[in-house]
Amino acid sequence: MLVKSFGSALQGIDALTITIEVNVSPGVQMFIVGLPDNAVKESQQRIFSAFENNGYRVPGKKIVVNMAPANIKKEGSYFDLPIALAILAASEQMKSEILPRYVVMGELSLDGSLKPIRGALPMALKAREEGYEGFVLPEDNAREAAVVEGLKVYGVRNLRQVVGFFNGTEFLRPCAVDLQREFYHRASVFDLDFADVKGQEGIKRALEVAAAGGHNVLMIGPPGSGKTMLAKRMGTIMPALTLEEALETTKIHSVAGKIGAQEGLLTKRPFRSPHHTVSNVALVGGGTHPQPGEISLAHNGILFLDELPEYSRSVLEVMRQPLEDREVTVVRSKYSVCYPANFMLIASMNPCPCGYLTHPEKECVCKIGDIKRYMNKISGPLLDRIDIHIEVMPIGFSQLTSVAPAESSAVIRERVMAARKIQTDRFGGTSIHANAMMNSRMVEKYCTIDDDSRRLLKTAIENMGLSARAYHRILKVARTIADLEGCARIARAHIAEAVQYRSFDRSQHML
């Protein structure tokens with residue numbers, strides 16, 4: 001008897017529906033065809049053990065399992081459940097009438113219980129797109145998949161419960177998620193706040209500009225000056241995720257298996273801070289079984305690289321293309337996947353190997369050659385792609401012990417959102433929604449300056465030896481500063497402030 005069930009395979013951050021055909025006929029052995037990997041082939045032992053431990057009969061016949069399309073490699077143990085159900089239906093131990101109306105996924109334990117899967121959200125989106133009535137998957141993934149409206153999502157604990165559902169003897173209630181409560185209510189609730197930061201008003205201003213225009217930032221300062229503290233609060237002043245951005249971000253984390261059992265939709269912009277020992281593959285993605293890397297997990301959020309010169313030179317250089325294209329394409333001999341990587345880079349570093357070159361009180365013990373080698377760990381092409389370089393200095397005791405209230409993240413975020421609204425209106429109808437994303441043609445159109453500003457910019461570029469890319473970055477930052485002030489045109493003061501945010505270029509030039 002021939003029976004079909006349906007599952008999903010992951011390709012990048014999207015899903016592809018897989019048809020699982022099972023035919024039970026006279027003979028012996030079980031055959032799985034359709035380009036399965038070892039984890040799929042090993043499903044036979046898990047399935048048969050689950051049958052025996054739950055009172056189901058292992059068919060003493062020839063079982064052929066075909067996974068179509070056969071030219072797509074099937075990876076992972078998540079096909080256990082759809083294969084098991086099709087075998088039970090083909091051997092007439094389970095009704096098969098409504099099985100084709102559902103996508104089914106799950107890894108079986110030997111006792112028949114179900115383990116969580118990766119990629120539940122993209123699978124649910126694909127099931128809805130192709131018109132399936134529902135999605136049956138492990139209970140731990142139900143909330144994640146249930147954010148997809150228009151699809152019945154059933155979370156199940158074990159094989160017996162699933163069989164009962166398809167036989168009509170077990171009632172399952174679809175999992176429901178209140179998007180208003182899950183998303184809109186929690187989107188603006190943060191544990192951290194800029195009000196916690198004492199002093200550093202100039203740095204807060206620079207980070208406000210960065211958040212308003214989506215600009216990359218490099219903070220340079222001695223240890224203990226507050227670089228990490230400021231970076232961790234950056235997400236609290238950025239605009240809240242839109243529902244579309246939240247779905248896209250959640251898909252990436254779902255594919256990477258980063259969504260917990262009690263989580264549904266990600267409501268806050270991700271903040272990723274990989275250790276400096278991170279490898280190229282861990283940063284950009286890929287591997288034997290392709291996975292999104294840290295730059296994709298930071299999509300629509302922040303990638304924080306603390307102590308930037310401590311990262312491997314090759315690791316830093318692989319970020320150059322994603323910083324420009326805002327996506328990364330991982331190409332291997334047998335596959336090619338594209339992961340989105342529209343992140344804001346926040347990096348920090350010491351001004352020298354000992355860390356105290358610019359400290360107002362402690363003396364630097366580094367030699368000039370050591371300082372040059374340390375700074376040269378950051379290549380010019382990478383530095384060009386960072387719009388704002390700011391020097392962070394330690395605060396004094398009086399500022400540290402001050403009880404005067406500092407400006408809260410909520411107040412700063414209001415100004416940031418007002419500037420983003422201007423940019424949304426400016427770039428309406430395009431895929432660009434922030435000044436940092438403008439191409440050279442848009443820079444020429446929206447970043448026009450008067451003669452006085454042009455002379456100032458010319459002097460800065462000649463004195464600091466800036467590249468053409470740095471020139472465009474300065475104009476983009478100036479455009480954002482003007483947007484924060486509600487100015488239609490870029491003024492000389494905006495250019496002057498944008499030039500001040502190239503402190504690393506100035507220090508390199510002085511060395």
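Colleague: What volume does the largest cavity have?

Modeller: Happy to walk you through this predicted model. Rolling a probe the size of a water molecule over the atoms reveals where empty space remains. Here the structure holds one cavity of 30 Å³ or more. The largest cavity has a volume of about 170 Å³.

Colleague: Which residues are the closest to the centre of the largest cavity?

Modeller: The lining of this cavity consists of 15 residues. By class, six are nonpolar, five polar and four charged. Those closest to the centre are G214, M238, N342, R420 and H433.

Colleague: G214 comes just after α8, so how many of the 13 residues of α8 are buried?

Modeller: Good place to look! Helix α8 covers residues 201–213 and reaches 19 Å from its first C-alpha to its last, close to the 18 Å expected. Just after it, G214 takes a positive phi of about 70°. Buried means under 20% relative accessible area, and I203, K204 and L207 are among the α8 residues that meet this. Helix α8 is largely enclosed by the rest of the structure, because the number of its residues that are buried is 10 of the 13.

Colleague: Is S453 buried or exposed?

Modeller: S453 sits in helix α20, which spans residues 451–464. Leaving aside residues up to four places away in sequence, S453 touches I490, A491, R492 and I495. A polar atom of the S453 side chain also lies 3.2 Å from the backbone nitrogen of R492. With a relative accessible area of 0%, S453 is buried.

Terms used: Residues numbered from 1 in each chain as written. Predicted model: local features only at pLDDT ≥ 70, side-chain atom pairs only at ≥ 80, totals over all residues. Heavy atoms only, no water. Helix = DSSP H or I, 4+ residues; strand = E, 2+ residues; numbered from the N terminus. Buried < 20%, exposed > 50% of the residue type's maximum accessible area, 1.4 Å probe, protein only. Polar contact = N/O pair within 3.5 Å; in protein donor to acceptor, adjacent residues only side chain to side chain. Contact = heavy atoms within 4.5 Å. Expected span 1.5 Å × (residues − 1). 1 Å grid on protein atoms, 1.4 Å probe; cavity = no way out; pocket = protein on both sides within 12 Å on 5 of 7 lines; lining within 4 Å. Points joined across faces, edges and corners; volume = space filled by probe spheres on them. Nonpolar A, V, L, I, M, F, W, Y, C, P; charged D, E, K, R; others polar.
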